[in-house]
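Take a walk through this protein model, from its core to its pockets and its ring pairs. Keep the viewer open as you read.

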Amino acid sequence: MSGYQTGVLIILCFNIMAAYAVYLPLVAGQLNLGIAGFMAVGAYTAAYLTNEMGWSLAAALPTGGIAAGGLALAVAVPILRTHGIYLALATFALGQVISAVFLNLDVVGGAAGYPVATFAPPASVFMTTLAIVLFVIALSQTRFTLYLTAIKNDRLVADLLGLNVRALQVGAFTVGAGIAGIGGGLYAHHFSFIEAQHFSVGLSIYTVLYVLLGGTQTVWGPLAGAVFFSLAPELLRAGESWRYVLFAALIVAFMAVRPQGLITPSAVRGLARAIGRRVAALQVHS
């Protein structure tokens with residue numbers, strides 16, 4: 001595999017992790033526009049632990065995730081009192097505050113950025129991404145995700161049925177932030193340098209677009225959306241300076257035709273039936 005191909009796959013992996021960090025709150029109807037802030041918390045925490053405290057990468061990464069999740073847990077109660085566009089604005093503001101704090105924090109380089117000595121090789125990025133994907137898939141098979149979907153569909157009915165709506169929403173918000181923190185820590189150690197400006201609101205918005213394009217109705221939607229957003233611009237390189245225009249036009253056209261996203265439950269069931277028929281046919285012929 002060439003260096004270019006490896007680089008594209010690395011970017012894809014970071015996009016997948018960010019997409020799943022946004023996906024869990026979205027399942028519960030929470031639009032989190034501050035996900036880049038939680039990535040920054042994980043990145044700076046993990047980098048500081050390996051640089052200044054001598055921690056190993058294996059210990060620093062989950063600690064960065066815990067730090068991001070802990071911050072999310074601390075702010076979840078006041079933030080999740082808001083709903084809809086007000087929740088989006090609250091998380092947007094939170095992300096901006098976090099970025100501004102690191103931008104002015106001299107102990108981690110401030111505006112000049114923070115070099116990271118410990119390197120995370122591509123294999124670590126690939127394995128961590130696979131572990132996060134498998135974790136979210138396993139989580140999607142539990143009642144927790146079912147309850148989140150019920151809350152998104154009708155919060156009042158879910159409450160009347162005895163679900164602890166606030167606790168479930170806080171849980172989704174916290175787990176999503178933890179995933180973002182791990183992704184941020186891995187980013188810092190793979191590229192060996194971090195700066196607060198990278199974790200901007202633009203990163204949060206792009207990440208939300210991955211999930212919305214891929215679809216929020218199944219666990220495969222964020223994966224499909226991240227793959228599309230990561231690979232389509234590369235496939236359109238032949239268009240040179242027009243490739244981003246073509247890419248944007250493609251997104252607009254696709255969302256107009258399929259607003260529910262790339263992956264839907266009916267599409268997944270149809271694919272499963274097609275695979276089942278194919279396997280059955282092969283067994284008959286064998």
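The tour below starts in the core, moves to two pockets and ends with aromatic rings.

This is a predicted model. Begin with the largest nonpolar core, which has 81 residues. Which members touch the most others? They are Tyr23, Phe38, Tyr44, Phe102, Ile194 and Phe199. Helix H1, residues 3-27, gives this core its largest share, 15 residues. In soluble globular proteins, nonpolar side chains tend to be buried together.

Zoom in on Ile194. Leaving aside residues up to four places away in sequence, Ile194 touches Ala43, Tyr44 and Ala47. Gly113, Tyr114 and Val116 are also among its contacts. So are Tyr187, Ala188 and Phe199. Two of these partners, Tyr44 and Phe199, are themselves listed with Ile194 among the core members that touch the most others.

Now turn to the largest pocket. Its space comes to about 560 Å³. The lining counts 23 residues. Nearest the centre lie Ile11, Asn15, Tyr206, Tyr210 and Phe229. Four helices each supply at least two lining residues: H1, H9 (201-214), H10 (221-235) and H11 (243-257). H1 makes the largest contribution here, with six residues. By class, the lining has 16 nonpolar, four polar and three charged residues.

The second largest pocket holds about 190 Å³. What is the make-up of its lining by class? There are eight polar residues, three nonpolar and one charged. H1 and helix H6 (143-153) are the elements that give two or more residues to this lining. H6 gives the most, four residues. The lining includes Thr145, Thr149, Lys152 and Asn153. Tyr23 and Val27 also line this pocket, and Tyr23 is one of the core members with the most contacts to other members. Thr216, Gln217, Thr218 and Val219 belong to the lining too.

Finish with the rings. The structure holds nine aromatic pairs. One of them joins Tyr20 and Tyr23, edge-to-face, at 6.1 Å centre to centre and 90° between the planes. Both tyrosines are buried. They sit three residues apart in helix H1, so about one helical turn separates them.

Phe228 and Phe229 form another edge-to-face pair, with 6.1 Å between centres and 85° between planes. Are these two rings buried or exposed? Phe228 is partly exposed, because its relative accessible area is 22%. Phe229 counts as buried, because its relative accessibility is 10%. Phe229 is also one of the residues nearest the centre of the largest pocket.

Last, ring pairs link Phe14, Tyr187, Phe191 and Phe199 into a cluster. Tyr187 and Phe199 are both contacts of Ile194.

Methods. Residues numbered from 1 in each chain as written. Predicted model: local features only at pLDDT ≥ 70, side-chain atom pairs only at ≥ 80, totals over all residues. Heavy atoms only, no water. Core = buried A, V, L, I, M, F, W, Y, C linked by side-chain atoms within 4.5 Å. Buried < 20%, exposed > 50% of the residue type's maximum accessible area, 1.4 Å probe, protein only. Contact = heavy atoms within 4.5 Å. 1 Å grid on protein atoms, 1.4 Å probe; cavity = no way out; pocket = protein on both sides within 12 Å on 5 of 7 lines; lining within 4 Å. Points joined across faces, edges and corners; volume = space filled by probe spheres on them. Nonpolar A, V, L, I, M, F, W, Y, C, P; charged D, E, K, R; others polar. Phe/Tyr/Trp six-rings, centres within 6.5 Å; stacked < 30°, edge-to-face > 60°.
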